[in-house]
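Please open the structure in your viewer and keep the sequence panel at hand. The stops below say what to select next and what is to be found there.

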Amino acid sequence: MKVIAIVNQKGGVGKTTTAVNLSCGLAKQGYRVLAIDLDQQGHLTKSLGLPDEGNTALEWLTNDLPLDIVIKKKVCSVDSGIDVVTANITLANLELELQRKLLDREYVLGKAILKAADRYDYVIVDSPPSFGIITVNILTAADHVVIPFRPDFLSKDGVNKLLDTMEEIKVRINPKLKLAGFLPTMVDKRCNNEASFAEARELATQHGGVVFGEGIRLASVLCKAPERGMSIFDYDPNSAAAKDYQAFVDKFVELEGESK
Ligand SMILES: Nc1ncnc2c1ncn2[C@@H]1O[C@H](COP(=O)(O)OP(=O)(O)OP(=O)(O)O)[C@@H](O)[C@H]1O
Ligand SMILES: [Mg+2]
């Protein structure tokens, strides 16, 4: 089992869209996938068309519930599906609960995921646009990190802060943590993004990751698919955006294979 964190504290850069399409893309290839929504906006949950009531990530992590009574099943396509831990606005309480814990507050998510280690090939975690104890838990539980970014807005400070924090967590609590790479999102070919791509390539090389090809183009189908509760592969499999996400998933699987 590999735990993949989709992280960037900057809002609206395509984290949730990437979490949905990576999860369903891997399931389509036959991998057993658990997707975890750890954002109180519950966008991963909504984008998959799942109800946000019942047991959510909050109950799972604060009451130590068995995963079986927490997960909801999402059919991705005719012959594939994923398990999902959902979230809603009550997840704000998790941040408070974790802060109140005296000991081991960074390990709560990692311990819960570990109990399901033999059931999944990949656990994909969608993270919030903030940097608190929930994100620290995600980075403590993660093997690999994918950082989606908008090349026209690559905020060097924000990404550098994230990379510094990853380094600190790697040294202090999670030696297996590794940058998989940067995924350029909402790429508008009409703009000259070369400087941002070059900057991302340099950062990726410094930190042992990659820039995932040309990334994902700006495409309105990617706004419409979540409204229907579908991944891009099911909503519009022949679209250019589906091809972009397919290329990302294929490259991701190739790199994961090499890093075994
Ligand atoms: N390549 C794309 N082209 C066009 N729209 C996109 C693309 N990727 C994502 N979007 C849309 O942009 C918005 C933000 O994307 P998304 O929710 O994935 O970002 P996020 O980083 O998860 O945001 P937040 O930080 O709020 O959680 C959504 O409405 C989504 O449908
Ligand atoms: Mg999101």
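For the residue classes used at the first stop, Ala, Val, Leu, Ile, Met, Phe, Trp, Tyr, Cys and Pro count as nonpolar, Asp, Glu, Lys and Arg as charged, and the others, Gly among them, as polar. Bear in mind throughout that this is a predicted model.

Begin with ligand 1 and select the 19 residues around it, of which Gly11, Lys15, Thr16, Thr17 and Pro129 come nearest. Two elements give two or more residues to this shell, namely helix 1 (15-28) and helix 9 (221-227). Coloured by class, the shell around ligand 1 shows 9 nonpolar, 8 polar and 2 charged residues.

Next, display the strands, which form an open sheet of 8 with mixed pairing and the order 3-4-2-5-1-6-7-8. At its edges lie strand 3 (72-77) and strand 8 (210-211), each of which pairs on one side only. Within the sheet, select strand 2 (residues 33-37) together with strand 5 (residues 122-126), a pair that runs in the parallel sense over 5 bridges. If you pick Ala35, its bridge partner in strand 5 is Ile124. Now bring back helix 1, which packs on the sheet and touches strand 1 (2-6), strand 2, strand 3, strand 4 (80-85), strand 5, strand 6 (144-149) and strand 7, while its direction makes about 165 degrees with that of strand 5.

From here, turn to the interior. The largest nonpolar core has 77 residues, and those with the most contacts inside it are Ile4, Ala5, Ala57, Val123, Ile124, Val125 and Ile138. Select Ala57 from that group: leaving aside its neighbours within four places in sequence, Ala57 is in contact with Ile36, Asp37, Leu38, Val85, Thr86, Ala87, Leu91 and Leu94.

The last stops are two loop residues. Go to Asp104, in the loop between helix 4 (92-100) and helix 5 (108-114), where phi is near 55 degrees, a positive value in a residue other than glycine. Is Asp104 buried or exposed? Asp104 is exposed, because it has 11 other C-beta atoms within 10 Å, and a residue counts as exposed with 12 or fewer.

Finally, select Met186, in the loop between strand 7 (178-184) and helix 8 (194-206). Met186 also has a positive phi, near 50 degrees, in a residue other than glycine. Met186, however, is buried, because 20 other C-beta atoms lie within 10 Å, and 20 or more is what the term requires.

Terms used
Residues are numbered from 1 along each chain as its sequence is written. Chains are lettered from A and ligands numbered from 1 in the order in which they are written. This is a predicted model: local features need pLDDT of at least 70, side-chain atom pairs count only at pLDDT 80 or more; totals for chains, interfaces and linings use all residues. Helices (H or I, at least four residues) and strands (E, at least two) are DSSP runs, numbered from the N terminus. A residue is near a molecule or strand if its C-beta atom, placed from the backbone, lies within 6 Å of it. A nonpolar core is a set of buried Ala, Val, Leu, Ile, Met, Phe, Trp, Tyr and Cys residues joined through C-beta atoms within 7 Å. Two residues are in contact if their C-beta atoms, placed from the backbone, lie within 7 Å. Two strands pair if DSSP finds at least two bridges between them. Axes are lines fitted to C-alpha atoms, for helices over the stretch in contact, and angles run from 0 to 180 degrees between N-to-C directions.
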